[in-house]
Amino acid sequence: MEYGPHNAELTVHTKRAGAAAKAGHDLTLLVERWSATADGDTVTLEADPRSLTVVKGEGGITSLGQDEKDAIKQTIDEDVLPAEPIRYAGGQLTLNGVTRPIAVTFDGTEGRAEIKQTDFKIKPYSALFGTLKVADVVEVKVRTHG
Amino acid sequence: MVELDHRFETGKDEAYNWDAILDLDRIIPCVEGGKVLERESDEKAKAEIKVKMGAMSMTFRGTVEVTERDDAAHRAVLAVRSKDMGGSGYANADVTFALGDGGGAIHTEAKISGKAASMGEGVVQTVLDALIRDFTTKLAAI
């Protein structure tokens, strides 16, 4: 079975951290270009690291507008997520040139995995002199339509 | 009100430090996001500070003025009076510099209202502390 944006949704969910966490937003990022194949228990997935867009931001002292969402995308592309290909195969995730096993759970309609950014040599985003940060662990979800 | 105390080191003599902290064109840009908009006099400037919080930012605009100066003791108070340009809040502070050879002490009394204050006093204190620590490292190179 082939999957991709036409029949499923791949999202990344970040949480804010740090002393000034209240000023930040928990983000939902949609991966717009990816493909996967599932053959029994064997799943492989490839995603374009330049295709993450901000679809939702919860919390904060003001709500996120389109300008802020665009600015976050730019920050992800330029400062956080390197352009190295993202690939999941055989229980191993390759991200930023680092390959490590990750635990994926799947309940029939939704797959979930937690990814620790620093495990993949990604420096979690930090602002306001380090008082506002993105938590190291982000959650990835893939959900089939219908 | 939030009160904070910090020290800074410049490695320069007291007379140099005294001239530096009273020179608003030099000291205001030492605050991250701070810039002079217009000098009103030797001791007063219109200024703004843009505080970036990730993709969001808050801009406070107002004045910085030397309201007290003791040239013999090398003690001065700079008063910051500013309004949040994106809301109804304000950020005011009286910053007291007491200099010695090689550096000095900074005592800050700040009052913040509006959106920034809605994060809670503990958060405001932590962020201000981080802002002033950063300021002291920039003062070191003034």
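Guide: For a salt bridge, a side-chain nitrogen of Lys or Arg has to sit within 4 Å of a carboxyl oxygen of Asp or Glu. Keep in mind that the model here is predicted.

Visitor: Okay, so how many salt bridges are there between chain A and chain B?

Guide: The count is 0. No pair across the two chains passes that 4 Å test, so nothing there gets called a salt bridge.

Visitor: And what about residue pairs in polar contact, how many of those between chain A and chain B?

Guide: Just 1 residue pair, with both residues at pLDDT 80 or more. It counts because an N or O atom of one residue lies within 3.5 Å of an N or O atom of the other, with a donor and an acceptor.

Visitor: What makes up the side of chain A that touches chain B, by class?

Guide: That side has 12 nonpolar, 4 polar and 2 charged residues. Helix α1 of chain A (residues 66-80) gives the largest share of it, 3 residues.

Visitor: How much area is buried between chain A and chain B?

Guide: About 1,400 Å², and carbon and sulfur atoms give 81% of that. On the chain A side, Ile61(A), Leu128(A) and Phe129(A) lose the most area to chain B, together 42% of what that side buries.

Visitor: Let's go inside chain A. Why do β5(A) and β6(A) count as paired?

Guide: Pairing takes at least two bridges, and these strands have 6, so they qualify, in the antiparallel sense. One place to look is Ser35(A), which stands opposite Glu46(A) in β6(A). The two strands form a hairpin with 2 residues between them, and Gly40(A) in the turn has a positive phi of about 65°.

Visitor: Why do β1(A) and β5(A) count as paired?

Guide: They're joined by 2 bridges, and the threshold is at least two, so they pair, running antiparallel. Tyr3(A) stands opposite Ala36(A) in β5(A).

Visitor: Over in chain B, why is the sheet called open?

Guide: Its 7 strands follow the order β1-β7-β6-β5-β4-β3-β2, with antiparallel pairing. The edge strands β1(B) and β2(B) each pair on one side only. From one strand to the next, the twist averages 20°.

Visitor: Which helix lies across β1, β3, β6 and β7 of chain B, and how is it angled to β1(B)?

Guide: That's helix α3 of chain B (residues 121-139), running at about 20° to β1(B). Helix α1 of chain B (residues 14-21) also packs on the sheet, and its direction makes about 165° with that of β6(B). Angles run from 0 to 180 degrees between N-to-C directions, so 165° puts this helix close to antiparallel to β6(B).

How values were computed. Residues numbered from 1 in each chain as written. Chains lettered and ligands numbered in written order. Predicted model: local features only at pLDDT ≥ 70, side-chain atom pairs only at ≥ 80, totals over all residues. Heavy atoms only, no water. Helix = DSSP H or I, 4+ residues; strand = E, 2+ residues; numbered from the N terminus. Buried area = accessible area lost by both parts, 1.4 Å probe. Polar contact = N/O pair within 3.5 Å; in protein donor to acceptor, adjacent residues only side chain to side chain. Nonpolar A, V, L, I, M, F, W, Y, C, P; charged D, E, K, R; others polar. Contact = heavy atoms within 4.5 Å.
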